[in-house]
Amino acid sequence: MRKIGHIAAREFAATVMTRGFIVGLLLMPALITVFAIAGPRIFSQRSFRAAGQIAVIDPTGVVAGELRATLDPVAIAARREKDARQALAQVPEGVREVAQPSAGSLETTLGQIPDLHVVERPSGADIQQEKEWLRQERPNADRHLALAVIHPDAVTPAGDGAAYGTYDLFLTANLDDRIDNVIQQNLRIALVAARARAQNLDRDRIDALTRVERARSVVVTKDAERPTSGPLSRALPFAFTFIVFFGVMMGGQTLMTSTIEEKSSRVAEVLLSAVSPFELMAGKILGQMGASLVAMALYVVMGVALLVSFALFGLVDVRLLLYLVIFFVIAFLVIGSLMAAIGAAVNEMKEAQSLMGPIMIMLVAPLMLQVPISQNPNSTFSTVMSFIPPVNSFTMLIRMASSAPPPIWQVWLSIAVGVASVFGAVWFAAQVFRIGLLMYGKPPDLATLIRWVRAA
Amino acid sequence: MDAAVSLKGVTKRFGSTMAVQHLDLLVPRGGLYGVIGPNGAGKTTSIRMIMSILFPDSGELTVLGHKSALEAKDRIGYLPEERGLYRKMRVGAFLTYIGRLKGVADADLSARVPRSLERVGLAGTERKRCEELSKGMQQKVQFLAAIIHEPDLLILDEPFSGLDPVSTRQLRELILAEHSRGATILFSTHVMLHAEEICDHVVMIHRGQKVLDQPVAAIRSQYDPRAVRFEPFEPGADVSPLRALAEVERIDRADRGYEILLKEGTDPASVIRRIAMAIAPARIELARPRLEDVFIRIVSGESGSVETESKLRADLREAGEGAVAV
């Protein structure tokens, strides 16, 4: 045990003290920070502005006027603010506080307020001829953007029970899709307003009548009540899967690389004169798992800090973090020991690729399964997957982090299956490790590995 | 009961290859044993079985009184044929790490590591990374790693391979120093000269079987070639007067001189005197049995093998080029 400790300590130090580990560890938070700061600037719509002229052929005689009123910059600004307020009402309080809409933030996400002018054409104008207007080159502010032809029955239906007519829209060449959107949005608003006025209805009143605010649902538990976590409960399973995936993947890879290095640099036999192959493997796996746990702890702490800062932490069950560690350890020991075995069996990194295939499938499968599992955490499929190693760890975490967690007996049964799979994987790996570490020459295939295990 | 290593009827096969066959070996405590033989003879396999890195298919084995070296690992020092270092690790940290794995207390290591580095002329390299050292220096560090815990039994597999003459001499001195400290030493080599210079007992292995197991002194007397090597002072001098000497059986040309084979029961000292009086010598010496010759004599004679002498010598030379050993 003492020797395993020494090996684990060296493996841990050799991994954690490298520049690569520290850079890799900080890279992710650094990227997120850079993205959070630079993202809004990079993807800012602030520089976008729909500006130019829209020609309208309006046989109804009312839509052009409504469109002009709709495109009034003051009206647009008012509408934008109202929409933003309604959207914000749906997000949790903590986020709402930091995301108060301002003219600046709205311009960042929606672009500058459009500067669009309506040019009314005679209602009986020849459309083919009017299209020529679109072909005329003009400087930016006076650019001829679009020709809207309003149908005669767009405001008042042609007969009883007939549907409302609409409009045709012709655009100039090379027009930004976003300008097309802005024009159509405003045409819709103008048409609805014109139709309401034709019926002597108050537009604001219609809005009021049709709007029902969505409630923030509250979960009533045995001893407390808490608001539903909403988007958080959808994001959490993904976050957990990724943390475990990256922890196992990075740790397993490093473990494999360091084993190959020890074998190819011939340190392995020196070590085997002091410790047994099992002690060497166990120490390496534990040391590497320690390094992965450090990385994982850092990310979890950052995640928790983020949740606390948005006052969202109360929505997460703290026990989940404990299960995260348990399932991570199970997944790491299974995958890690198999990767250590591969490292011992081959002579160099490129030989490991063919043996890595099955392991990569085991690792990537949960990533592909997380959508069906998180959408339907208690389906037969999800339940069965919770007991099939090595995907059981991932599946159970996804289910537990979902809004409808499984019964506790399933969790413990999954842990029991996981522990059994750890014993199986470590036993298999130990046999391969013992034989492979001193075996040079032709790299073994999967069948050879199984033969080694049988012979051991 | 004072055997450091004992093997009885040990056999090991790899698939259809018989690596070691019914090997008996007894290394007494305090002995300095050399296991010699060409590549593929089964030396490394035998050593790995002694180290419990491999396990015999049949036969019995004890190491320092234990059934397995695993039970006595901390008392054994081992320098494998294929040996390495952690390239990025610092020299001091590497030796400390190996020392810890061998059960040496940290307090002892803090004094022992710099002292042993100083002993091999590597003082001040403690903080250097292993990759910064020259190959010869790395080999010294590897040897130190094998003796950092002052083992009772030191097993060295081809310790001299890849060493330059100066390093070879230094290593030989270090091995002898360990022996005078009281350690039992068992080492393998394909360079028979090294065994001749160091060992007090030689075990020869050929194709997994032991063909000789004797003290060096006994080998010398048993395989005495009864020959005198002679180089005349004047090159090309007529050596026919020597043929007239009663003690001389045959004269063969050898290298730049002659090998004079003596009749049985002749006193070599008197013949040397008489030869020197007959023709002025540039060099005259008694031919000593060389282990390589002994090996070839045994293998091509006693085992009934059909291998020719030149083929065997070629094998030994090939082994010298460091091909992978079994």
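**Group meeting talk: the contact between chain A and chain B, and some salt bridges**

Chain A and chain B bury about 2100 Å² between them, and 62% of that area is on carbon and sulfur atoms; buried area here is the accessible area, taken with a 1.4 Å probe, that two parts lose on being put together, summed over both. The size of an interface is often given as the accessible area lost when the parts come together. On the side of chain A, Arg10(A), Glu269(A) and Ser273(A) lose the most area to chain B, together 29% of what that side buries.

Before going on, I should say that this is a predicted model, in which local features need pLDDT of at least 70 and side-chain atom pairs count only at pLDDT 80 or more, while totals for chains, interfaces and linings use all residues. Residues are numbered from 1 along each chain as its sequence is written, chains are lettered from A and ligands numbered from 1 in the order in which they are written, and side-chain values use heavy atoms, with hydrogens and water left out.

Let me stay with the interface. The contact, meaning heavy atoms within 4.5 Å, takes 19 residues from chain A and 21 residues from chain B. Between the two chains the count is 2 salt bridges, a salt bridge being a side-chain nitrogen of Lys or Arg within 4 Å of a carboxyl oxygen of Asp or Glu. Glu269(A) forms a salt bridge with Arg48(B), and the closest N and O atoms of that pair are 2.8 Å apart. Across the interface there are also 9 residue pairs in polar contact, both residues being at pLDDT 80 or more; a polar contact is a pair of N or O atoms within 3.5 Å, where, within protein, one must be able to donate a hydrogen and the other to accept it, and residues adjacent in sequence count only if both atoms are side-chain atoms.

Which helices of chain A each supply at least two residues of the side that touches chain B? They are helix H1 (2–16) and helix H11 (268–272), where helices (H or I, at least four residues) and strands (E, at least two) are DSSP runs numbered from the N terminus. H1(A) gives the most to that side of chain A, with 5 residues. By type, the residues of chain A that touch chain B divide into 8 nonpolar, 4 polar and 7 charged, with Ala, Val, Leu, Ile, Met, Phe, Trp, Tyr, Cys and Pro counted as nonpolar, Asp, Glu, Lys and Arg as charged, and the others, Gly among them, as polar.

Turning to chain B, there are 11 helices and 13 strands, and the C-alpha trace spans about 75 × 45 × 35 Å along its principal axes. Of the 326 residues of chain B, 50% count as buried; buried means under 20% relative accessible area, exposed means over 50%, and partly exposed lies in between (1.4 Å probe, protein chains only). Among the contacts in chain B with a separation of 6 or more, 68% come from residues 24 or more positions apart.

The search of the whole structure finds 29 salt bridges over all chains, and I will go through three in chain B. In one of them Lys12(B) pairs with Asp57(B), the closest N and O atoms being 3.8 Å apart. Lys12(B) lies in strand S1 (residues 3–14) and Asp57(B) in the loop between helix H1 (43–50) and strand S4 (58–63) of chain B, so this pair ties together parts that are 45 residues apart in sequence. Lys12(B) counts as buried at 11% relative accessibility, whereas Asp57(B), at 45%, counts as partly exposed.

Another pair is Arg181(B) with Glu178(B), with closest N and O atoms 2.6 Å apart. Because these two residues are 3 residues apart in helix H5 (residues 165–181) of chain B, they are separated by about one helical turn. Is each partner buried or partly exposed? Arg181(B) is partly exposed at 36% relative accessibility, while Glu178(B) is buried, with a relative accessible area of 3%.

The remaining pair of my three is Arg229(B) with Glu259(B), the closest N and O atoms being 3.3 Å apart. Arg229(B) sits in strand S10 (residues 227–232) and Glu259(B) in strand S12 (residues 257–262) of chain B, so the pair ties together parts that are 30 residues apart in sequence. In chain A, salt bridges that share partners join Arg10(A), Glu11(A), Glu262(A) and Lys284(A) into one network.
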